[in-house]
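Subject: Structure for you to look over

Dear colleague,

I am passing on the structure below, together with notes on what was found in it. Please keep it open while you read, since the notes follow individual residues.

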Amino acid sequence: MKITIDTTKCSGHARCAAAAPEMFELDDSGYALPYAGEVPAGHEDDAREGVLACPERAITFE
Ligand code: SF4
């Protein structure tokens with residue numbers, strides 16, 4: 001499972017990090033830090049939670 005965060009769509013709602021703090025990190029302004037690649041083993045559910053939590057659809061997974 002891979003996820004990609006499109007930081008150009010991120011509006012800093014911080015919902016991804018609230019839903020899955022071990023998977024998503026924010027900068028000092030509350031915007032998601034860039035991430036693209038494999039989800040670490042055991043964090044698949046966290047990644048899905050973050051994808052569903054993002055109102056901007058800035059996080060995609062495949
Ligand atoms: S929930 Fe979406 S818009 Fe909000 S910080 Fe995370 S990636 Fe950005």
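**Cys54 and the ligand shell**

Leaving out residues up to four places away in sequence, Cys54 touches Arg15, Cys16 and Ile59, where contact means that the two C-beta atoms, placed from the backbone, lie within 7 Å. Before going further, please note that this is a predicted model, in which local features need pLDDT of at least 70 and side-chain atom pairs count only at pLDDT 80 or more, while totals for chains, interfaces and linings use all residues. Residues are numbered from 1 along each chain as its sequence is written.

Cys54 is in the loop between H2 and S3; helices (H or I, at least four residues) and strands (E, at least two) are DSSP runs, numbered from the N terminus. Cys54 counts as buried because it has 23 C-beta neighbours inside 10 Å; the rule is that a residue is buried if 20 or more other C-beta atoms lie within 10 Å of its own, exposed if 12 or fewer, and partly exposed in between, with C-beta atoms placed from the backbone. From Cys54 to Leu33, 21 residues away in sequence, the distance is 14 Å, C-alpha to C-alpha.

Cys54 also belongs to the surroundings of the ligand, where 15 residues are found and Cys10, His13, Cys16, Ala32 and Cys54 come nearest; a residue is counted here if its C-beta atom, placed from the backbone, lies within 6 Å of the molecule. By class, this shell has 10 nonpolar, 3 polar and 2 charged residues, with Ala, Val, Leu, Ile, Met, Phe, Trp, Tyr, Cys and Pro counted as nonpolar, Asp, Glu, Lys and Arg as charged, and the others, Gly among them, as polar.

**Confidence**

The chain averages a pLDDT of 95, and 100% of the residues score at least 70; pLDDT is the predictor's confidence in each residue, from 0 to 100. Among the elements of the chain, helix H1 (residues 15-19) has the highest mean pLDDT, 97, and strand S2 (residues 36-38) the lowest, 93.

**The strands and the core**

In strand S1 (residues 2-5) the side chains alternate, with Ile3 and Ile5 pointing to one face and buried, whereas Lys2 and Thr4 point to the other and are not buried. S1 runs antiparallel to S2, to which 3 bridges join it, and it is likewise antiparallel to strand S3 (residues 59-61), again with 3 bridges; strands are said to pair if DSSP finds at least two bridges between them. Ile3 stands opposite Gly37 in S2, and its bridge partner in S3 is Phe61.

Leaving aside neighbours within four places in sequence, the contacts of Ile3 include Tyr35, Val39, Ala47 and Val51. Ile3 is also one of the 12 residues of the largest nonpolar core, whose members include Ile5, Cys10, Cys16, Ala47, Val51 and Cys54; such a core is a set of buried Ala, Val, Leu, Ile, Met, Phe, Trp, Tyr and Cys residues joined through C-beta atoms within 7 Å. S1 and H2 each supply at least two residues of this core.

Phe61, in strand S3, counts as partly exposed because it has 13 C-beta neighbours inside 10 Å. Although Phe61 and Lys2 are 59 residues apart along the chain, their C-alpha atoms are separated by 5.4 Å. Beyond four places in sequence, Phe61 is in contact with Met1, Lys2, Ile3, Ala47 and Val51.

**Helix H2 and two loop residues**

Glu49 is found in helix H2 and is partly exposed, because 18 other C-beta atoms lie within 10 Å. Not counting residues up to four places away in sequence, Glu49 touches Ala19 and Ala20, and its C-alpha atom is 7.4 Å from that of Cys16, 33 residues away in sequence. Leu52, in helix H2 (residues 44-53), is exposed, because it has 12 other C-beta atoms within 10 Å.

Ala14, in the loop between S1 and H1, has a phi near 65 degrees, a positive value in a residue other than glycine. Arg57, in the loop between H2 and S3, has a positive phi of about 50 degrees although it is not a glycine. Ala14 is partly exposed, because 18 other C-beta atoms lie within 10 Å, while Arg57 is exposed, because 9 do.

With best wishes
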